[in-house]
Amino acid sequence: MTGICDGRVVIVTGAGRGLGRAHALAYAAEGARVVVNDLGVGLDGSPGPDSPAALVVEEIRAAGGEAVAHGGDIATREGAESLIATALDAFGRLDTLVNNAGFLRDRMLVNLDEDDWDAVMRVHLKGHFLPLQQAAVYWRAEAGRTPEARVVNTSSGAGLLGSVGQGNYSAAKAGIVGLTLVAAAEMGRYGVQVNAIAPAARTRMTERTFAETMAAPAPGSGFDAMAPENVSPLVVWLGSAASAGVTGRVFEAEGGRITVMEGWRAGPSADKRARWTPSEAGDTALKLLAQAEPPQPVYGAR
């Protein structure tokens, strides 16, 4: 197989199903050698009887590509270290890391258990940080060359705008955006570019929560806008050498649409050059809000 990732070694976490599987197959189709990570857990993060990572590896190999499976828990240091080691042992290098693994434990905030908060933070946020850190250690230590290394993190519209009933997930996905920005700034000196996507696609997580929106069209009725494969081309490009110079960015990807997201920027401002009274501060805030762009609605808000 040849393509824009010919010869590159790519890790995709949570690649046994949904978006991760689509990414792994798309990278392989573009010539990459792929490490397919999946712990094989249920929607709530509980262990499943079999990991699907081996099945994706079989698909890649059947199509003429190269891939190996990794079943470790990437939200532990040992799992993250073994993930990078798997790429190096199997293929001798690492070029791209796609952080994709995650699950849902949806509750309204007043009903959200501490364990459900911790579990989602652990898998999404810690599960991004540890593989990113271990990959960065490897890239920083490479002798004799500056790598064309790439990291693609997975945020969400819930992290950018919020989502009712998903306080833990929204907070974790917002944290991933912050992590992306810092990593891009810190790791550029090592030849590493770090970006994030906020995808919308049909997966095990979304087809239940947003069943009507995510439903597949009837056979032969037109473009399946929510197919996870629609997101993968952007992810593959971001993970390739062709994306040189693109770092610290967040992209929305849905169907045939790609959007560059523009985060917090300074809007209307007032400076008294002295301390405000509470009443003055309130009056000024209201005047500034009247000049500001209205916020986009939170998903699911009524």
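Which residues in α4 meet α6? In this predicted model, the α4 side of the contact consists of D116, W117, V120, M121, H124, L125, H128, F129, L132, A136 and W139. Facing them in α6 are G167, N168, Y169, A171, A172, K173, G175, I176, L179, A183 and M187. Sorted by class, this contact comprises 15 nonpolar, 5 polar and 2 charged residues.

The geometry of the pair is easy to follow in the viewer. Helix α4 covers residues 114-141 and helix α6 covers residues 167-187; their axes come within 8 Å and cross at roughly 15°. Because angles under 35 degrees count as roughly parallel, α4 is roughly parallel to α6. The crossing of the two helices is right-handed.

Stepping back to the whole chain, the model contains 10 helices and 8 strands. Of the 302 residues in the chain, 45% are buried. Contacts that link distant parts of the sequence are also worth a look: among those between residues at least 6 apart in sequence, 72% join residues at least 24 apart.

The 8 strands form an open sheet with mixed pairing, and reading across it gives the order β3-β2-β1-β4-β5-β6-β7-β8. Strands β3 (66-70) and β8 stand at the edges; each has a single partner strand, so one side of each is left without a neighbour in the sheet. On average, neighbouring strands of this sheet are turned by 20° against each other, direction ignored.

Two strand pairs illustrate the mixed character of the pairing. Strand β1 (residues 9-12) pairs with strand β2 (residues 33-37) in the parallel sense over 4 bridges, and here I11 has V35 in β2 as its bridge partner. Helix α2 (residues 53-62) packs on the sheet, where it touches β2 and β3, and its direction makes about 175° with that of β3. Helix α6, already met as the partner of α4, packs on the sheet as well, touching β5 (149-154), β6 (192-200) and β7. The direction of α6 makes about 160° with that of β6.

The second pair brings the description to the β8 edge of the sheet. Strand β7 (residues 250-254) and strand β8 (residues 257-261) run antiparallel and are joined by 5 bridges. Within this pair, E252 has T259 in β8 as its bridge partner. The two strands form a hairpin with 2 residues between them, and G255 in the turn has a positive phi of about 60°.

Conventions. Residues are numbered from 1 along each chain as its sequence is written. This is a predicted model: local features need pLDDT of at least 70, side-chain atom pairs count only at pLDDT 80 or more; totals for chains, interfaces and linings use all residues. Side-chain values use heavy atoms; hydrogens and water are left out. Axes are lines fitted to C-alpha atoms, for helices over the stretch in contact, and angles run from 0 to 180 degrees between N-to-C directions. Angles under 35 degrees count as roughly parallel, over 145 as roughly antiparallel, 65 to 115 as roughly perpendicular and the rest as oblique. A crossing is left-handed if the near helix is turned anticlockwise from the far one by less than a right angle, and right-handed if clockwise. Contact means heavy atoms within 4.5 Å. Ala, Val, Leu, Ile, Met, Phe, Trp, Tyr, Cys and Pro count as nonpolar, Asp, Glu, Lys and Arg as charged, and the others, Gly among them, as polar. Two strands pair if DSSP finds at least two bridges between them. Buried means under 20% relative accessible area, exposed over 50%, partly exposed in between (1.4 Å probe, protein chains only).
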